[in-house]
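Here are a few short exercises, each with a worked solution. Grab the viewer and work through them in order.

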Amino acid sequence: MTERTFPVVKDAAVAKDDGSAVLGATLTSCSQPGEPSPLVLTTKLDNLINWFRGNSIWYLLFATACCGIELMQTGGPRTDLDRFGAVFRASPRQSDLLIVAGTITYKMADRVRLLYSQLAEPKYVLAMGSCANCGGLFQGSYSVVPGVDSIVPVDIYLPGCPPRPEALNEAILRLQDKMRGERWFHRIKG
Amino acid sequence: MEFRDIQERVHTGLGGSFEVQDEIHDPAIIVPKEQLRAVCGFLRDDESLRMGTLRIITGIDRPAKKDSTESGSIEVVYHLCSYVHGHTVVIKTLLDREAPKVDSVQDIWPTANWHERETYDLLGVEFEGHPDLRRIMLPKDWVGHPLRKDYEPPKEYHGIPTTREAVLQAPRVEKVSPAQHEPKSDEPPERFIQLNMGPHHPATHGVLNFLLETDGEILRRVKPDVGYLHRGMEKLAERISYPGTMPFTDRIDYLGAMFTNHGWAMACEKLFGVEVPRRADFCRVIASELNRLASHLIATGCLPMEVGAFTPFIHWLREREIINDIMEMICGARLTYNYMRIGGVSRDIDQATIDKILGWLDNFEPTIDEFNRLISGNEIFVKRLANMAVIPAEVAVGYSLLGPNLRASGVDWDVRKNEPYSVYGELEFDVVTGQGWRGSIGDSYDRYFCRILEMKESVKIIRQACDLMPEGPIIAPKVPKKPAANEVYARTEGPRGEAGFYVVSDGSDKPYRARYRMGSFTAMSVIEAVTPGLMLADLVALIGSLDTIAPEVDR
């Protein structure tokens, strides 16, 4: 049995304390010529987990109003959210992200709390559109919640009435950035 | 029949003389509340009147003037219409503001059931003899009736601050405790299974809740619980000027925003007495019909998805993106257009846009046939929908169904044909009615296929309109700021049926009362009547075939 040398990953192991190191640094192969190189990647567990999480954001299909149509279009053939690993789920138990797409009324408010508490941890909330951000056009109405952040904690605010699919796309990418910066493993430990 | 003839017929038929309010645009007969039921029954059953459809019930709060000794009143307005004779009438009854009570007419027109509940909820009018007078839009524990002029909203609701100042001062929400928020049914337990469907359910097209009572998998009773998207648009219109309400109408029906724009513009034009330039009318028709295509693409794409076929939906989204591009060229927005203005449109449709539209139509028309080969003839699809939830013509008329849902039941009624507005009178197209293509007339398949065929008619209309469009201005030169005191009702034929706009003006620059009548509201109320005996899974297909959307139901 010949002794194999493994490729050494430079740079990738150089993670900063805030966990912001990026995966996918240069691979230097040290294997024998002609032999397929077994790839080994060394990185921090946080980064690895975040990499997985960021590329499998399953969002809850929670479309209440106009923004819901743009949410549908974003999942459609042109913008195609699937390519970022973001697919919609019908049940909060299977989702990481609550996209509040549309106006929330007081009658709906309790249900939003319930849905939020049913999401699997760690969970994120994306307030899509002006209504979810601050009540939007309907801020002055007697029955509309002036911003979903008075019911649940919000991670990303996406302005627009309704936001374009490209904007929602960008919001998902920003959420990925946010996830990459998190030290999730530490949070679990204590 | 003209209003005078109708008035005379009522007088001779019932032997009496009613007051008439004829200085307004659509004159109204004022009926004392004791005689309301007799008059309504007569209007419906008399051979020469046959007012089979109740369009809308509106409550108008008229509090006492400050230095007046008279007590205030609440008007309840009934807009009636006959599909047989094609005439309309408005009747009003005046109630005491302190204890407004009137007899229910829900047994005369079944659609009145929900309209009366809404009037009770928002204005506090009690309808005596109503079997189920509960709040419909607002939560059960809500206090007060918002459409009263002296209504004061609460400072907080279930711990949520409601005013802007309170929101800014409130601490950031970090933890959410869901303990007391499990939804509960207020029905007494029985041996049948009680099931809560919604308000968050992917197949309900937005947020609405169904309380189901099932025997195994057979539905015994379905009670729709709406109002989860009640945004109080009618109250907001009272605070904002006439042109300022235009963007709000976009959001009543986000899939058919052009039609709500158009309806509001038409109502205001009637009020202000403004003439629309001819080119603007053609711009409106082209934009509206493109919008109808976009809406029907969602409707006919979602229905297969609801019964398990995802691919057709993706096909239609592809086409819809192109309509969205065209809409952006026309008015700069993809979904909430805000395209129309009182007296015209905001931007012209230039030749480049017309070329793009015509080019796309040439591609799109064969796609409809391709779509039919893909799904409309698919055996599984047909079996799910044919003969399912049949709505006979008389039920459809009684519940005041509108648009494709009404026509699928075999009733030949299209506002574009029967009461032509804009330039629809000059354009040639057919009204599609249900033929029982795969089962019986008025089944879910008919409702689906009506929409497919209507898309072909829309294509025809757009081609003609592009061809006939004259040169000229696109907006009326001068629009007054304030209209005279008047009441108008304008209607357009939207993708979900007739969009009605009833506007009451008191001579100021803001509407005194605005009332929107939308197709999904009545479509939702018919569900309770047609579902007993269906399978649970059919309910989802039925909602899809009715093409209801939540903001239209709740406004």
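Axes are lines fitted to C-alpha atoms, for helices over the stretch in contact, with angles from 0 to 180 degrees between N-to-C directions. Helices (H or I, at least four residues) and strands (E, at least two) are DSSP runs, numbered from the N terminus. The model is predicted: local features need pLDDT of at least 70, and side-chain atom pairs pLDDT 80 or more, while totals for chains, interfaces and linings use all residues. Residues are numbered from 1 along each chain as its sequence is written, chains are lettered from A and ligands numbered from 1 in the order written, and side-chain values use heavy atoms, without hydrogens and water.

**Exercise 1.** Work out how helix 3 and helix 16 of chain B cross, and which residues make the contact.

*Solution.* Start with the axes: helix 3 (residues 112–123) and helix 16 (residues 519–530) of chain B come within 9 Å and cross at roughly 115°. Next, pick out the contact (heavy atoms within 4.5 Å): helix 3 of chain B brings Trp114(B), His115(B) and Glu118(B), and helix 16 of chain B brings Phe521(B), Thr522(B), Met524(B) and Ser525(B).

**Exercise 2.** Place Ser117(A) in its surroundings.

*Solution.* First, find Ser117(A) in helix 3 (residues 106–118) of chain A. Ser117(A) has 24% relative accessibility, so it's partly exposed (between buried, under 20%, and exposed, over 50%; 1.4 Å probe, protein chains only). Then follow its side chain, which reaches the backbone oxygen of Leu114(A) at 2.8 Å. Finally, Val152(A) sits 35 residues from Ser117(A) in sequence, with 9.3 Å between their C-alphas.

**Exercise 3.** Sketch the layout of chain A.

*Solution.* Count six helices and seven strands, then lay them out as β-β-α-β-α-β-β-α-β-α-β-α-α.

Technical notes: A polar contact is a pair of N or O atoms within 3.5 Å; within protein, one must be able to donate a hydrogen and the other to accept it, and residues adjacent in sequence count only if both atoms are side-chain atoms.
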